[in-house]
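Here's a quick tour of how two domains meet, and of where some charged side chains pair up. Have the structure open while you read.

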Amino acid sequence: MAILIKNIKELLQVRETNITKLSGSEMATLPSLKNAWLLLEGKIITGYGTMDTCPQVADAELIDATGKTVLPTWCDSHTHLVYAGNREQEFVDRINGLSYEEIANRGGGILNSAKRLNEATEDELYEQSRLRLEEVMRLGTGAIEIKSGYGLTVDGELKMLRVIKRLRENYNVAVKATFLGAHAFPTAYKENHTGYIDLIINEMLPAIAKENLADYIDAFCETGYFSVEETERIMEAGLNYGLPAKIHVNQFNAIDGIAACVKYNAISVDHLEVLTDADIEALKNSITMPVALPTCSFFISIPYTPARQMLNAGLPLAIATDYNPGTTPSGNMNLVVATACIKMKMTPEEAINAATINGAYAMGLSHTHGSITTGKAASVIITKPVNSYYELPYSFGTNLIDTVIIAGKKV
Ligand code: NIG
Ligand code: FE
């Protein structure tokens, strides 16, 4: 079934096929068509233009978008959307003065979520997770990366990745799966890091590869978690199974992890709240996309990734939610865009580019997602009537979405 959207006040992010990511000053421009039409046929975009060229399409469902803006769906390249239970007690503990680190040291944090995850059945985990996926689809996310990393056991990690696979099979949103066995050291391996990394490499990875459950590999490269050398071992092992790296790094401390990630051709490095000049140098002229997670900074009150400094250095930048029960219990990409504008001083054009085409790049989907381009996925957001797209970040607490279409189907 075809959908013809007519009278679009402004059609955003109209790009040629060859654009796969934007860097530095390129991010300041958001190409658009005013008074436009857009044709979706089956699962793909088949045409667009200004209203003076609008075709007649037999049998197409007509949508009148007078006064409304249309843009590609959000590309959320970093989430931990599959998890069991919540951590609202830790939220209150932080209000009362404890830090993320102090909570983790008491057995809270990632290990708290791991305990709950290992107690949940696969079906329970699927049920909790699909509700979150449906919620973010309604909020305009059309492509999403989801990580494991709350299992920290062979069975737990496989359970998470099987749930991610079921989500991909049952929903038309594009899903990429990342294996994050190296999220934290389980208590039993606190003094035996090599033992746990051996378990990841010799048992988890082969089992995951056998069922073809992951697209990428991740590690939490951070003081108290995985050292740079340990992260390198994980990246190396991932590559042996055809899994490029997407790495959590520079969230709390800069430990020279970024240069190592670039050396291993990581597709992305994520967080970067603490960034040195050497880190910025390492990222220049690399294939690695830096990814900022502004609503994580907001929720746990840590610094924001220095976007202006990075863009001035000519780097690309993507933004994502980090949806997880500990540091960012929100999968709202519009709020991420707004927070990037308000707190990181990104312009709306830069933030929307970061949340669409660059987000798509950060999960290997920029050939199919992230822009209004003929042949890409028929996944678009139709806003409510707005004066301009500036209203999306400006009205940060209002849901300005009228309709979401993912792979040609209304959500
Ligand atoms: O991206 N920093 C590491 N991992 C997650 C948080 C995990 C958790 O607290 O459950 C993050 O912020
Ligand atoms: Fe994360």
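A residue counts as buried under 20% relative accessible area, as exposed over 50%, and as partly exposed in between. Keep that in mind for the charged pairs further down. The model is a predicted one.

**Two domains and their contact**

The chain splits into domain 1 (2–72 + 371–410) and domain 2 (75–361). Their contact draws on 30 residues from domain 1 and 33 residues from domain 2, while the C-alpha centres of the two domains lie 29 Å apart. About 2,400 Å² is buried between domain 1 and domain 2, with carbon and sulfur atoms giving 64% of that area. On the domain 1 side, K21, M27 and I406 lose the most area to domain 2, and together they make up 28% of what that side buries.

How many salt bridges are there between domain 1 and domain 2? The count is 0. Polar contacts are another story: 12 residue pairs are in polar contact across this interface, both residues at pLDDT 80 or more. As for secondary structure, β5 (68–72), α15 (391–394) and β15 (401–406) each supply at least two residues of the domain 1 side that touches domain 2. Of these, β15 gives the most, with 3 residues. By type, the residues on that side divide into 18 nonpolar, 7 polar and 5 charged.

**Salt bridges**

Side chains of opposite charge can pair when their charged atoms come close. The overall count here comes to 17 salt bridges, and three of the pairs are listed below.

| Pair | Closest N to O distance |
|---|---|
| R130 and E127 | 3.0 Å |
| K263 and E232 | 3.2 Å |
| E281 and K284 | 2.8 Å |

Take R130 and E127: both sit in helix α4 (residues 122–138), 3 residues apart, which is about one turn of the helix. Is R130 buried or partly exposed? R130 has 22% relative accessibility, so R130 counts as partly exposed. E127 is partly exposed too, with a relative accessible area of 37%.

K263 and E232 pair up between helices. K263 lies in helix α8 (residues 257–263) and E232 in helix α7 (residues 228–240), so the salt bridge ties together parts that are 31 residues apart in sequence. K263 is exposed, at 55% relative accessible area.

In the E281 and K284 pair, E281 is partly exposed at 49%, and K284 is partly exposed at 31%. Finally, E122, D123 and R166 are joined in a network of salt bridges.

Conventions
Residues are numbered from 1 along each chain as its sequence is written. Chains are lettered from A and ligands numbered from 1 in the order in which they are written. This is a predicted model: local features need pLDDT of at least 70, side-chain atom pairs count only at pLDDT 80 or more; totals for chains, interfaces and linings use all residues. Side-chain values use heavy atoms; hydrogens and water are left out. Domain bounds come from an automatic or database domain assignment. Contact means heavy atoms within 4.5 Å. Buried area is the accessible area (1.4 Å probe) that two parts lose on being put together, summed over both. A salt bridge is a side-chain nitrogen of Lys or Arg within 4 Å of a carboxyl oxygen of Asp or Glu. A polar contact is a pair of N or O atoms within 3.5 Å; within protein, one must be able to donate a hydrogen and the other to accept it, and residues adjacent in sequence count only if both atoms are side-chain atoms. Helices (H or I, at least four residues) and strands (E, at least two) are DSSP runs, numbered from the N terminus. Ala, Val, Leu, Ile, Met, Phe, Trp, Tyr, Cys and Pro count as nonpolar, Asp, Glu, Lys and Arg as charged, and the others, Gly among them, as polar. Buried means under 20% relative accessible area, exposed over 50%, partly exposed in between (1.4 Å probe, protein chains only).
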